Amino acid sequence: MDERHVQDGPAVAENRVGTGVRTPPAGTPTGGSVPASDARVALAHEVERVTAAAERLLVEAVDDRVRHGRALAAEHGYLWSDLAAVLGGKLMRPRLTVSAYLGLGGADVDAVAPVAAAQEMLHTAMLVHDDLLDRDEVRRGRPNVAGATRARLAAAGVTGAAQHDQVGAAALLAGDTALAQAFALVARASVPAHVVGELVRLLASGVDTTVAGELLDVRGEVQALTDVDTLLVAELKTAAYSFRVPLESGAVVAGASREHRTALALVGTALGLAYQLTDDDLGVFGDPAATGKSVLSDLRSGKRTELLRLTWARADAAGRAVLGTHVGRPELDEAGAARVRDVMRDCGALDEARSLTRRTADMARTLATTTLPEPLAGYLAGVVDDLVARGH
């Protein structure tokens, strides 16, 4: 869930506005009059068009909650206004839902748009809770719910422990209400009742899996690095709700076969792992000008990543001494971070982590292209390439 500084978004970023080109139904031959490349471009444009509809629905839903909140109590209105301020990014999760839906034969915007919007609402809830756990009060360069609440309390003269308690309560409750609204959005989908039931079950399963990942991640802060299963944390905390659930949800709305749902679940899991491994790499070796992501914050917090685990496992005594001196130090500066990076390179941990990222991405790409129909297969292969190549 930790995308504090990363602009997330998969394939075809240049096609932010759809063209209205209809996607050939799944199974349409891609040879002859409809080359595979043309079908993928058509799908990409249609994904953008339908994702834009989901975004409008999301904005309308939040605006409605702001009005409703103000009618209930001023503080509730503030809560939703603060949530509205952290919505943003490139709508990766809605886009994945839409791509799976369209790529498996779906064509009804009213059926899929609320479900796609729900994925982003769920993401917003997860971010708010994640920031609370990490004690962060800034998101995408702006005050998050906690930060905005603290500013209002300070202006009202509330200070000290009382202010701290109020800030924590606001962030907790904001995440809770956003989570509830994710399910409310699913309920708005123009699909049969049994499909809504399956979507609710899938969303709830994703939340439960992510909570397990968050719990392991938090517990890892008080465990030795060698005792933390960093890949399991990434799978549970990131891959499940950010990739597997959105893709599967699109398949459910499309009425896809069990085989295609299983294929998308596997693609989503592999893609989510590759995404998180890339994110962890960017958190130390990325270009902040390209990613907007600090290359100090993960080291300062001592974030338990696969890259850090591999470094500890491979480093000699001198290298481990460098890690012990600098990693997890809130005041870490660039000079200290450069020493840690040198250890990561010299012991081979960086190369091994990047090799693992490539293998995981290859797995996602191969699963997509061998188990899914065109043009969805090619579209998702492009998503893999874009997400893994970002920011370097």
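User: Before anything else, what is pLDDT, and what is its mean for the protein chain?
Analyst: pLDDT is the predictor's confidence in each residue, from 0 to 100. For this protein chain the mean is 90, and 91% of residues reach 70 or more. The model is a predicted one, where local features need pLDDT of at least 70, side-chain atom pairs count only at 80 or more, and totals for chains, interfaces and linings use all residues. Numbering runs from 1 along each chain as its sequence is written, and side-chain values use heavy atoms, leaving out hydrogens and water.

User: Over which residues does pLDDT stay under 50?
Analyst: That's residues 1-32. Where pLDDT is low, the predicted coordinates shouldn't be read in detail.

User: Why is Leu 91 called buried?
Analyst: Buried means under 20% relative accessible area, exposed over 50%, and partly exposed in between (1.4 Å probe, protein chains only). Leu 91 has 4%, so it counts as buried.

User: And what makes Arg 135 exposed?
Analyst: Its relative accessibility is 71%, which is over 50%, so exposed it is.

User: What is the sign of phi in Leu 91 and Arg 135?
Analyst: Positive: phi is near 55° in Leu 91 and near 60° in Arg 135. Most residues other than glycine have a negative phi.

User: How do you know which peptide bond is cis at Pro 375?
Analyst: Omega is near 5° for the bond from Glu 374 to Pro 375, and that bond is cis.

How values were computed. Contact means heavy atoms within 4.5 Å.
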